[in-house]
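Here is a short note for a colleague who is opening this structure for the first time. The points below can be read in order with the structure in view.

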Amino acid sequence: MGICLFCKNTKNLFSSVEHIFPESLGNKEKILPKGVVCDKCNNETLSLLDSILVNFDPILFQRTIYGIKSKSGKIPTANFSTIDFKNSSGADIEVKLKRKNKGDFAQTINGCKLNFFGKKKMDSKNLKLISRSLYKIALELIYLDYGAVLALSPRFDEIRDIILGKKDFGGYLLLGSNSKSIEAGMSYRFIRTCEDDKEFAFFEFNYLFVKIMFDMERRRSILENGSMIANFYILKFSEINSIQ
Ligand SMILES: [Zn+2]
């Protein structure tokens, strides 16, 4: 009998495997077997969170440019406010400028320079959805690496409620670019601080040239929203009712 990693229900159906990273990001390896995540969580909240992540503007852009096929076998089109990107063949990228503005496209010695903005605002609502989709991957990786005893322990009960949308939360993401190599995956390390003598996991998610770092358990940053630290933007969000 299974116990669901997210809702802890034991009576629901457990008829499917769970892809830790969405299949549309190209994941065919990191999979939790049947019996870990119930069908209800898998088909409802988790599939919604997966779609939020794969359509997050910086990630969608990378999927189009690198020709990563979605679950249905298509390369997505990335439509932004000023420019659309299409990659039908997987080899040629079609760039469509939506307005006559010299600043949007310029040829340079090395190639070209494009100026465009994402469709969605990086407001608290969207940042929380992206964070939940990353926390979901993080908790599943902990299950994969350490098994049910740690992943189902009360330590992660709060994050389970946050992932399922039962609890509001504040937190932060560090958004930057992964300049080292084209790699995909998430790594993490457990850190213990003198300040609260508690162990917590700090995560680093890489997808092609996008890098997002986050702190799933403490979720607080002393730095101001919008400030930068070593080429990373601090994107902070708060609980609706908290004073910050
Ligand atoms: Zn469940």
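1. The model is predicted. A convenient place to start is F80. Setting aside the residues within four places of it in sequence, F80 is in contact with F116, F117, G118 and K119. For K119, the sequence separation from F80 is 39 residues, while the C-alpha atoms of the pair are 5.5 Å apart. F80 itself belongs to the loop between β3 and β4. Is F80 buried, partly exposed or exposed? F80 has 16 other C-beta atoms within 10 Å, and a residue is called buried at 20 or more and exposed at 12 or fewer, so F80 is partly exposed.

2. The chain is divided into two parts: domain 1 covers 81-117 and domain 2 covers 121-237. Taken over C-alpha atoms, the centres of domain 1 and domain 2 are separated by 32 Å.

3. Next, the packing of two helices. Two packed helices are described by the angle between their axes and the distance between the axes. Helix α1, residues 39-54, packs with helix α3, residues 124-146, at an angle of about 115 degrees. The axes of α1 and α3 are 8 Å apart. How are α1 and α3 placed with respect to each other, roughly parallel or roughly perpendicular? Angles of 65 to 115 degrees count as roughly perpendicular, and α1 and α3 are therefore described in that way. The crossing in which α1 passes α3 is left-handed.

4. Which residues make the contact between α1 and α3? From α1 they are L46, L49, D50, I52 and L53. From α3 they are L129, I130, R132, S133 and K136. Sorted by class, this contact of α1 with α3 has six nonpolar residues, one polar residue and three charged residues.

5. Helix α2 spans residues 57-65, and its buried residues are I59, L60, F61, R63 and T64. What do the buried residues of α2 pack against? Their partners are helix α1 and the strands β3 (78-79), β4 (83-86), β10 (199-208) and β11 (210-215). Helix α1 thus appears both here and in the packing with α3. After α2 comes G67, with a positive phi near 65 degrees.

6. Two further positive phi values deserve a look. Most residues other than glycine have a negative phi, and most peptide bonds are trans. A230 is not a glycine, although its phi is positive, at about 40 degrees. N231, also a residue other than glycine, has a positive phi near 70 degrees. A230 is in the loop between β12 (228-229) and β13 (232-237), and N231 is in the loop between β12 and β13 as well. Are these residues buried or exposed? A230 counts as exposed because it has 6 C-beta neighbours inside 10 Å. N231 has 11 C-beta neighbours inside 10 Å and so counts as exposed too.

7. F105 lies in strand β6, residues 105-107. With neighbours within four places in sequence left aside, the contacts of F105 are L97, C112 and L114. V95 is 10 residues from F105 along the chain, and the C-alpha atoms of F105 and V95 are separated by 9.7 Å. The count for F105 is 15 C-beta neighbours inside 10 Å, so F105 is partly exposed.

8. The last position is G165, in the loop between α5 (157-163) and β8 (171-177). G165 counts as partly exposed because it has 14 C-beta neighbours inside 10 Å. How far apart are the C-alpha atoms of G165 and N225, which are 60 residues apart along the chain? Their separation is 23 Å.

Conventions:
Residues are numbered from 1 along each chain as its sequence is written. This is a predicted model: local features need pLDDT of at least 70, side-chain atom pairs count only at pLDDT 80 or more; totals for chains, interfaces and linings use all residues. Axes are lines fitted to C-alpha atoms, for helices over the stretch in contact, and angles run from 0 to 180 degrees between N-to-C directions. Helices (H or I, at least four residues) and strands (E, at least two) are DSSP runs, numbered from the N terminus. Angles under 35 degrees count as roughly parallel, over 145 as roughly antiparallel, 65 to 115 as roughly perpendicular and the rest as oblique. A crossing is left-handed if the near helix is turned anticlockwise from the far one by less than a right angle, and right-handed if clockwise. Two residues are in contact if their C-beta atoms, placed from the backbone, lie within 7 Å. Ala, Val, Leu, Ile, Met, Phe, Trp, Tyr, Cys and Pro count as nonpolar, Asp, Glu, Lys and Arg as charged, and the others, Gly among them, as polar. Domain bounds come from an automatic or database domain assignment.
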